[in-house]
Each structure stands twice: as C-alpha cells, then as structure tokens.
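Subject: Structure handover

Hello,

Here is the structure for your work, followed by notes on what was found in it. Please read the notes with the coordinates open.

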There are 2 protein chains.
Amino acid sequence: MSIPDQVARRTQPNADSAAEDYLKTIYHHTEWQSAPVTPSVLAATMGVAPSSVTEMAKKLSAAGLVNYEPYKPLTLTPEGTARARGVIRRHRLIETWLVDEMGYDWHEVHDEAEVLEHSISDRLLDAIDTRLGHPTRDPHGDPIPAADGSVENSPALLLSQAAVGTSGMVVRISDRDPSLLLSLAAAGIRPSTTLSVVSRDAGAGFIVRVALASDADADTGPLVPVSASGSSSIWISAPA
Amino acid sequence: MSIPDQVARRTQPNADSAAEDYLKTIYHHTEWQSAPVTPSVLAATMGVAPSSVTEMAKKLSAAGLVNYEPYKPLTLTPEGTARARGVIRRHRLIETWLVDEMGYDWHEVHDEAEVLEHSISDRLLDAIDTRLGHPTRDPHGDPIPAADGSVENSPALLLSQAAVGTSGMVVRISDRDPSLLLSLAAAGIRPSTTLSVVSRDAGAGFIVRVALASDADADTGPLVPVSASGSSSIWISAPA
DNA sequence: GCGAATTTTTAGGCGTGCCTAAAAATTCAA
DNA sequence: TTGAATTTTTAGGCACGCCTAAAAATTCGC
Ligand SMILES: [Mn+2]
Ligand SMILES: [Mn+2]
Ligand SMILES: [Mn+2]
Ligand SMILES: [Mn+2]
C-alpha cells in the first residue's frame, strides 16, 4: 500500500520540505557570504514574513537543527549542517541529471530541482549519482556535497570584488536568475571560462574580456558587459 | 527565484497532492472493478476516516471534479476523469522509467512513483516519455494514458474468476503488493506470460501452469500456486 | 545616553487535511 | 413496516505554515 495508515499520511506529505528549505537557506548564507543570518535576512530571501522565521526557528531549535536564541542570528547545529548539505546534494545532483541526461538547459533546472529535492528517495538519488559517475560540480559550478557530507569548497573571488586587470577562471555562477544564465551562456561565459576584468563601475557594472578557448589569456576575446547584479553572481578563481 | 512570493509558497507545497490522490483512487475503482465508490470504500482504500472523504468530496465537487450528492456514491466529472488520468499517466511513466533506466525492480517502484507523481513538472514528464519512446504499458502491464487523455483498456479476466482449464496471457498485475510481485517474478510470471488454470479452490487459492517461452501453450511448464488474494491481482487476456 | 528607528517576537487568524465523537440518514431484516 | 444496524454527515479539534498587527527588544544616531 502506498499510503500505509493515517500516521504516514499525516506525517509524510512532503516530509518537512519547509524545514529543509529553511536549513538550506541558512546554509547558503554561510556558504556564499559570511554575514550573520538574522530573521529579517532569512525572511527576505525566503519570501516570508519575519514572524514566520521566528516560528520555524523555534521548531528547528527544538529539533536540534538550529541554534536559536531570541534576538540573535541563527546558526546551524552540526546536525542541521549535515541535513542542509543533504538537501543541497539532492538539489545539485538533480540539476546535473536534468542537464546531462534530460535535455534541460542550465537556466531551466533550478525550479524543478527546488521541488524534487524534497521528494526523491535516497535510493533514487543514489541511482542518479551512480549514473552520472559521482559528479562533484553541478552545471553552475556549485560543489556537490559527497554522500558522507564532505564538501570541497574551492576559494573564489566574487567578480563584483575583483579589481580591474584581475583575471581568472569562472568557478561558480549563481543559479537563481535564469535570465542571467541565459545571457551568460549566449556570451560564452560558464564555469571554466577564463575572464579578465577590463573595467568596473559600481553603478553601471563591469566589462570583462572572455578568453577564447583556442587562445586562452590573450587579449583577443570578446568584450562582454556584466551588470552590477550579475557581477555579484559570478565567482572566479582567486588569483594565483 | 525558486519561491517567487508568499502566494506561491502558500499555494505550491505539493500543489494539491491530496486531491490528486482522491481523484486517482476514485478512478481506479472504476477502472478495475465497477462497484459504486462510496465514502466508506474510499476511506478504506485511502486509509482515512470517512468524514475526511465527505469533506474532500465537497471540495472536489465545488471544483467541478467530482459529482457529489449527500448519501450517494461519488463519480468523476469529465474534468475529474481527465485529471485522474493525468496523475495516472505520471505515475505509470515514472514507474516505467525507474525500471527501464534506473535499475529498479518492478516491485520497488510503486511507492517512489506515488510521491513523484505529484512533484514532477510537465516538462520533465515529457522528457521521460520521449526518452522511453512513448510507452503504452507500465512494468505491471497497466495501460499508460496518452498525453491527450486517451487510454487503451484491453478487456481482461481476473484470474480469480477464471474457470479451470482457462488459459490466457497475463496482461496486468496489481502493483500494490510488492511481495506478490517478487514471488511472481521468481515463478516467471509477468505481463505477457501465458498461464492456464489447473485447479481452483476459493479458500486455498489456485494452481496455474506457466507456459514456457520456448514451448508456449504446451502442458510442460511448471505448476505454480497462487494465493486467493494473488488471484484477484492478476488479469489474463479474455479467452478468444 | 537617550529617544527614534528598526528588528524581532508575540498574539490572534486562516486554509488545508486530517481526526474523534455525536447526530442524522439510509439500509437491512425480521 | 419498523426498529436495529450501518453508513454518512456534522461538529468541534489539532498540527502545520503561513499571515497581519501590535508589543517588546535592540540598535542607531545625535
Ligand atoms: Mn525546495
Ligand atoms: Mn545549481
Ligand atoms: Mn503503481
Ligand atoms: Mn500519491
């Protein structure tokens, strides 16, 4: 029977996908930037009222997943961190699978993964992981946590913080803005592309030179404008 | 952004997977047997209290998916039928995909499909359908409704209602009991296997002869006992 | 250091899906 | 046909995740 009894039915619907999304979002804030994760910050990123965050914080704290003290920032417990990485592993493996096997383009996968990350079984996740050959990066260059919870987090520099003249390889691009991904792909920018910063302007954005594959690092590649918001979605390898 | 705003978040969690399961279950009752689908019958199959069925019946009726009048059996409206078939299409394509591509055995797929049928997008469903070459039967022999909603429902006879001496090809086997599927597979019984009824006993069950692939219809295949409950999970092609 | 602005929490509600217990309707059977 | 048994509906609750509005705490700026 698919729905064994009343208890399962009450418990199972989506397990606790809301909780998983909170954990994931808290984790992300510490993964990409390191600023304290306050309820207002969380509320803004999750599109939820601050009071909803307070409520969930209490529940997650009671479950031993989040450290919560009134009026202080939220942090993940070791167990909360492990759970968050588990969800992120699912998310990124699903994205990789959609691109590598199901004919999706890299700007189309995030929303689908956002849902499936909560419903796929461990069994199916393993099958996908195996089929893909245990990838360590998703289509956007984000590291895929290993099954044991370890993450290989290579140091990187946000393009928005790179000085003119800096050059480096694109290592990660945020997958949250599909239209940015679409335009970057059109400009030939994706993980492993080599870029150099030609000009920067806090308001207007950046201009970067894209190194051609055939002629890496030379000054011959096309010049591409990157908006201010785009420049804080692109990580390049830290200069050697 | 994956979770665009509060409205989406309130609306989206699983869309209406509960409603979908009710529609699907009502449809199934008319697909396999034809007895009136009363609230108590629905409640029993869904593992839910009868009062829960009444409540949902009202909602589905208000949504134009179910015909509901107090104290009468439930039926699907044309739109409800279409929705039910859509869910069943998802379910069966997912099962087929799990078996054909993801290394699952046929007794392992039902529960996974029961969850994923509510979370996969149309886009992904199409991708799966295309990859599989638009299959028309799932691993248990159940017909997969086409994208346009049409279903090819071949006439079949429940093994439990077959007279001694009857022989026919297995066309469908209920996927609800994994252990039955496991033992049938061990005995070489699956869709397209040819069986003949050697003996039947309402209490003790049936004995069937399994025709060998090499020597179809001959009286040389192994004899296999089938429990009474098993015999009402197996459909064979109606005698010509 | 202190009042004002901001952030966070509390209080009270709402819709969904489920429950149990009680009331009402239907069906069965003598 | 009529009372008993069964089925169905109604009534009242509960947990979850979210909300708005009001209260409380913290932080900021002068
Ligand atoms: Mn999610
Ligand atoms: Mn990604
Ligand atoms: Mn199934
Ligand atoms: Mn389901």
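In chain A, strand β4 (residues 167-173) pairs with strand β8 (residues 234-237) of chain A in the antiparallel sense, over three bridges. Across from A:Arg172 stands A:Trp235 in β8(A). Please keep in mind that this is a predicted model.

Both strands belong to an open sheet of six strands in chain A, with antiparallel pairing and the order β3-β8-β4-β5-β6-β7. The edges of the sheet are β3 (156-158) and β7 (223-226) of chain A, each of which pairs on one side only. On average, neighbouring strands of this sheet are turned by 45° against each other, direction ignored. As background, strands of a sheet pair through backbone hydrogen bonds, either parallel or antiparallel.

Next, the metal sites.

The manganese ion (ligand 2) is coordinated by A:Glu95 (OE), A:Asp138 (OD), A:His140 (ND1) and A:Asp175 (OD), at 2.1 to 2.5 Å. Along the chain these donors follow the spacing E-x42-D-x1-H-x34-D. The pair A:Glu95 and A:Asp175 links distant parts of the chain, 80 residues apart: A:Glu95 is in helix α5 (residues 78-101) of chain A, while A:Asp175 is in the loop between β4 and α8 (178-186) of chain A. Both A:Glu95 and A:Asp175 are buried.

The manganese ion (ligand 1) is also held by residues of chain A: A:Asp21 (OD), A:Glu114 (O), A:Glu114 (OE), A:Glu117 (OE) and A:His118 (NE2) coordinate it at 2.1 to 2.4 Å. A:Glu114 thus appears with both O and OE in the donor list. The spacing of the donor residues in sequence is D-x92-E-x2-E-H. Are A:Glu114 and A:Glu117 buried or exposed? A:Glu114 counts as buried because its relative accessible area is 7%, under the 20% cut-off. A:Glu117 is buried as well, with a relative accessible area of 1%.

In chain B, the manganese ion (ligand 4) is coordinated by B:Asp21 (OD), B:Glu114 (O), B:Glu114 (OE), B:Glu117 (OE) and B:His118 (NE2), at 2.2 to 2.6 Å. The donors of ligand 4 follow the spacing D-x92-E-x2-E-H along the chain. Two of the donor residues can be described further: B:Glu114 is buried, with a relative accessible area of 7%, and B:His118 is buried, with a relative accessible area of 13%.

Regards

Terms used
Residues are numbered from 1 along each chain as its sequence is written. Chains are lettered from A and ligands numbered from 1 in the order in which they are written. This is a predicted model: local features need pLDDT of at least 70, side-chain atom pairs count only at pLDDT 80 or more; totals for chains, interfaces and linings use all residues. Side-chain values use heavy atoms; hydrogens and water are left out. Donors are N, O and S atoms within 2.8 Å of the metal (3.2 Å for Na, K and Ca); water is not among the atoms, so sites may look incomplete. Buried means under 20% relative accessible area, exposed over 50%, partly exposed in between (1.4 Å probe, protein chains only). Two strands pair if DSSP finds at least two bridges between them. Helices (H or I, at least four residues) and strands (E, at least two) are DSSP runs, numbered from the N terminus. Axes are lines fitted to C-alpha atoms, for helices over the stretch in contact, and angles run from 0 to 180 degrees between N-to-C directions.
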